[in-house]
Amino acid sequence: MTTTTAEPRSTEPRTAPATTAELRSADLERRIAQDPAGFRVLTGDRPTGALHLGHYFGSLRNRVRLQDLGVDVIVLIPDYQVITDRDTAERLGEYTDGLLLDYLALGIDPARSTVFTHSAVPALNQLMLPFLSLVSVAELNRNPTVKDEVAHSRQSTVSGLMLTYPVHQAADILSCKGDVVPVGLDQLPHLELTRTIARRFNERYGKLFPEPEALLSAAPLLLGTDGTKMSKSRANSIPLSATADETARLLKGATTDADRHITYDPDTRPNVASLVLLAALCLERDPHEVAAEIGDGGAAALKRTVTDAVNSHLERFRARRAEYAKDLTYVRSVLRAGNERANALAEATLDEVREAMGAFR
Ligand code: TRP
């Protein structure tokens, strides 16, 4: 018997086989869709700069989607984590206001979702003590994300907080018994540690904590205007808070290449591909089609297309953000109310923890 095994003719790159984490995440997504109200999401952004388009397509719009599905979404602004890799927490208030404005303008609804900061929730921070007793120094030393941050740190020594902040992150998640944590790949080691802490606590003192699961974001890799990963602490990002003119100027300065024929080829032309992808995401179109339409127009036409796409996509967001910016008293009251709820949740958890441990009253 003959079989036809001809390769399918496709211009699509082969997709890599799904990893275990991806399969688990897809299964979690199905369970959330079946019972959204049965899940609590905990997620957050360090207040170290302005949120940018990479955050928007990678995580922010996913939060709003989960909220609108009916999931209990809690957004943490982890202010204590700012001092893991820098000496001082500069402009903390300004960055925190900026995050709040972005969240509200994007559609995070304070009637349904909660926003809070670490430093306003003492019970959360106290959970760090019992949790530290559940992990070994060797485990802390092995964390690949921490190792990477140490290697890239501008500081000459590694602080105790740098080594232990993943335990603090476990306190973030477990203080409110979050069971879903949307993450990028770099955060998986931290989530693994959170699960380990939850499991060890439950084994030693009786079942109290859920083992939170990772919801992997299918984060499209958007490069910064200098061709490296877009980052809020590098000067290469396109902040959501930029005006239409600033956005045009930033995109105009983006690195491209000498080939006038525009294609979507992330492996061989990462800079051009990233711009094409950004336009495609805003236009909700296929990047190959967007590239084909620009054709021989070169970098100038590509940049015009991207700029128009980004600016019209963000028009409504910008208008809403500007409205909220006129009323910072209201914006800050959203955080105050969120902190109150986070305190109530964390205090209840801390009470249960002490009770379970039996020794502390
Ligand atoms: N460590 C995360 C980051 O650098 C931020 C963070 C702190 C976080 N606590 C968290 C994320 C709890 C999810 C859940 O991006």
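This note comments on the ligand site, one buried lysine and several salt bridges in a predicted model.

1. **Residues around the ligand.** The ligand is surrounded by Leu42, Thr43, Gly44, Arg46, Leu76, Pro78, Gln81, Gln169, Asp172, Ile173, Val181 and Gln187. Sorted by class, this shell consists of five nonpolar, five polar and two charged residues.

2. **Polar contacts to the ligand.** Three side chains deserve attention here. Asp172 places a polar side-chain atom 2.7 Å from a ligand nitrogen atom, and Gln169 has a polar side-chain atom 2.8 Å from a nitrogen atom of the ligand. Arg46, in turn, approaches an oxygen atom of the ligand, with a polar side-chain atom at 2.9 Å. On its own the ligand has 360 Å² of accessible area, of which the protein covers 86%. Two elements, strand E1 (40-44) and helix H7 (160-175), each contribute two or more residues to the shell.

3. **The setting of Lys232.** Lys232 is found in the loop that runs between strand E5 (213-216) and helix H9 (244-252). Is Lys232 paired with an opposite charge, or without a salt bridge? Lys232 is buried and has no salt bridge. Asp45 is the nearest side chain of opposite charge, and it is 5.9 Å away. Because a salt bridge requires the nitrogen and the carboxyl oxygen to be within 4 Å, that separation does not qualify.

4. **Polar partners of Lys232.** The side chain of Lys232 nevertheless has polar neighbours. A polar atom of this side chain lies 3.1 Å from the backbone oxygen of Arg46, and the side chain also makes a polar contact with that of Thr48 at 3.4 Å. Arg46 therefore appears twice in this note: its side chain has a polar atom 2.9 Å from a ligand oxygen, while its backbone oxygen faces the side chain of Lys232 at 3.1 Å.

5. **Salt bridges and the Asp27 network.** The structure contains 24 salt bridges. One of them joins Asp27 to Arg31, with 3.1 Å between the closest N and O atoms. Both residues belong to helix H1 (residues 20-34) and are four residues apart, which is about one turn of the helix. Asp27 counts as partly exposed because its relative accessibility is 33%; Arg31, at 29%, is likewise classed as partly exposed. The two residues also belong to a network of salt bridges that links Asp27, Arg30, Arg31 and Glu213.

6. **Arg341 and Asp72.** A salt bridge connects the side chains of Arg341 and Asp72, at 2.8 Å from N to O. Arg341 is in helix H14 (residues 328-357) and Asp72 in strand E2 (residues 72-77), so this pair ties together parts that are 269 residues apart in sequence. Arg341 is partly exposed, having a relative accessible area of 28%, whereas Asp72 is buried at 17%.

7. **Glu211 and Arg195.** The side chains of Glu211 and Arg195 form a salt bridge with an N to O distance of 3.6 Å. This pair links distant parts of the chain, 16 residues apart: Arg195 is in helix H8 (188-205), and Glu211 is in the loop between helix H8 and strand E5. With a relative accessible area of 31%, Glu211 is partly exposed. Arg195, by contrast, counts as buried because its relative accessibility is 18%, and the cut-off for buried is under 20%.

How values were computed: Residues numbered from 1 in each chain as written. Predicted model: local features only at pLDDT ≥ 70, side-chain atom pairs only at ≥ 80, totals over all residues. Heavy atoms only, no water. Near = heavy atom within 4 Å. Polar contact = N/O pair within 3.5 Å; in protein donor to acceptor, adjacent residues only side chain to side chain. Areas by Shrake-Rupley, 256 points an atom, 1.4 Å probe, with all protein chains shown as cover. Nonpolar A, V, L, I, M, F, W, Y, C, P; charged D, E, K, R; others polar. Buried < 20%, exposed > 50% of the residue type's maximum accessible area, 1.4 Å probe, protein only. Lys, Arg positive; Asp, Glu negative; His and termini not counted.
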